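I opened the notebook to record one helix contact, one pocket and some backbone details.

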Amino acid sequence: MKNLKYIYLLTVLVAFTYSCSNFEDINTNPDASTIVAPDMLATQVLKNTFTTNGSGVFEFVSGNLFNKHIAALDPSIPSSAQYYFASFGSFGDYSMLTDLKFMTQFAEGNQAEASYKGLALYLKAYYGLSATLAMGDVPYSEAGMADEGITRPIYDKQADVFVQILDDLQTAEAYFAQGYNFDGDIMYDGDAAKWQKLCNAMQLKVIQTISKQATDDQKARFAAVVSAGNLLESNDDNFKLVYTEISNANHQFYNGENLRINTAISKLTVDFLKTNKDRRLFYFAEPAQILLDAGNSASDFDAYEGALTSLDPTTLAFNKDNGDYSLLNSRYVNFMDGEPLLRFTFAEQCFIIAEAIEEGWVTGNAQEYYENGVKAMLEYYKDLPNTDGYVQGMAIDQAYIDNYFTGDAVYATTGTKADRLKQILTQRWLIDFFQGNGGNYPQFLRTGFPEYPLDPATSLNPDDTSVYPKRWKYPVSEQTTNPDNYQKAIDDQYDGYDGINKTPWYLQ
């Protein structure tokens, strides 16, 4: 095993050299003669986990189509996600569990050993959460154990996967609580206190995601985490990847003009922003040419029109040629160091707690959390670089933020709970605008907000064009590499059929 570790380290050195050439502010040991293996592995795994660079601008756009923030206007663009085409999940992230295992081994005796252990558990929980939300029952307890002879891991029940994820997040939080910062972290610059807050906040997200099935104990745990208060405190705690002007570390959509002019902001997004007089519209999009020709100015909300994402591709393309739609803002393609890739934010945490208050899980003022969440995102755009000259004179400033909550943006205290949840969840959905992560879809499936457009005439859902897919199929490779456990999983959950419309446990 010792020899294997050193052979593995040589492989990591090559990957680390590549990583260092692509990302700024990577902490390395100032003594060049000393190899700090945990740092190298942390950098490599975080880069592979949270970056999308290298996948191509088409794939980045596709990742944004699924949550209906944007629409593809050219039939030649791979836009199957826009119409709910059958797809397959992946266990690809699990391959990094081996890297994480070596990372913790190399960290033995390091002052920051506990933090590296916390990072390994957080990332395992992250991979497991992504996999189970995509597919249902998945390997977790035996995942990443090939070196121990387990090459055909069992599929844990989804309910058990969530329990294990929560336990791992809790343990990770305890490791980070020991307070030692660590090197090699491209997300939080090794700040163990911020990772500790993130582990707590993610427990809230996980429990709320299983709200239909959450036990009394899990709801009590949610309340205890909120009561303890060691959570994200502001945008400074946002979990994000910051792009740079270094080649291969730049924003995914940089220099993607040919695709930008064939990509519109969606009608779902535009209508909500116009109704709320929300100036994020000017950060997201450009005015529709036909509406400018009609006499509107670029700073008028009425100069913007979104594309209905359920229209057929030919109609969308025709309307685009007619100038009917607002295209994506050109700032997205003009800067290598474009806006960061957000993975978890203070604003999302606020909306999670606001919903929990409305559902009676915790006590508190839901309106205050709702307003704090909205303000946080408005402040995020206020402080975002590379926006001067790109927002049509409608920049978000503090005066605008202070007066945002008027008209339809006012929290619906006199309305129904459904009215308020729609406000909370739509604002939460907006956080992911052009982030390429598809992370909001399980929340839409869970709550129905916001309501994504669906037209059976254009849907590519192979089994039922009138419904939204609830999951992805298991990877085809599982049928040959892990056939018995694969078959048991689909038999136990989905009556033997690995279909995208089958309902996983967390949505039942």
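**Helix contact**

I looked up which residues touch between two helices, and found that Glu348, Phe351, Ile352, Ala354, Glu355 and Glu358 of H15 meet Lys417, Arg420, Leu421, Ile424, Leu425, Gln427 and Arg428 of H18 (contact being heavy atoms within 4.5 Å; helices being DSSP runs of H or I of at least four residues, and strands E runs of at least two, numbered from the N terminus). I sorted this contact by class into six nonpolar, one polar and six charged residues (Ala, Val, Leu, Ile, Met, Phe, Trp, Tyr, Cys and Pro count as nonpolar, Asp, Glu, Lys and Arg as charged, the others, Gly among them, as polar).

I note that this is a predicted model, in which local features need pLDDT of at least 70 and side-chain atom pairs pLDDT 80 or more, while totals for chains, interfaces and linings use all residues. Residues are numbered from 1 along each chain as its sequence is written, and side-chain values use heavy atoms, without hydrogens and water.

For H15 (residues 346-358) and H18 (residues 417-430) I read a packing angle of about 165°, with axes 9 Å apart (axes are lines fitted to C-alpha atoms over the stretch in contact, and angles run from 0 to 180 degrees between N-to-C directions). H15 and H18 are therefore roughly antiparallel, a term for angles over 145 degrees.

**Backbone**

I found a cis peptide bond from Phe449 to Pro450, with omega near -15°, and placed Pro450 in the loop between H19 (441-447) and H20 (478-481). Asn255, although not a glycine, has a positive phi of about 70°.

Definitions and conventions. Parallel < 35°, antiparallel > 145°, perpendicular 65-115°, else oblique.
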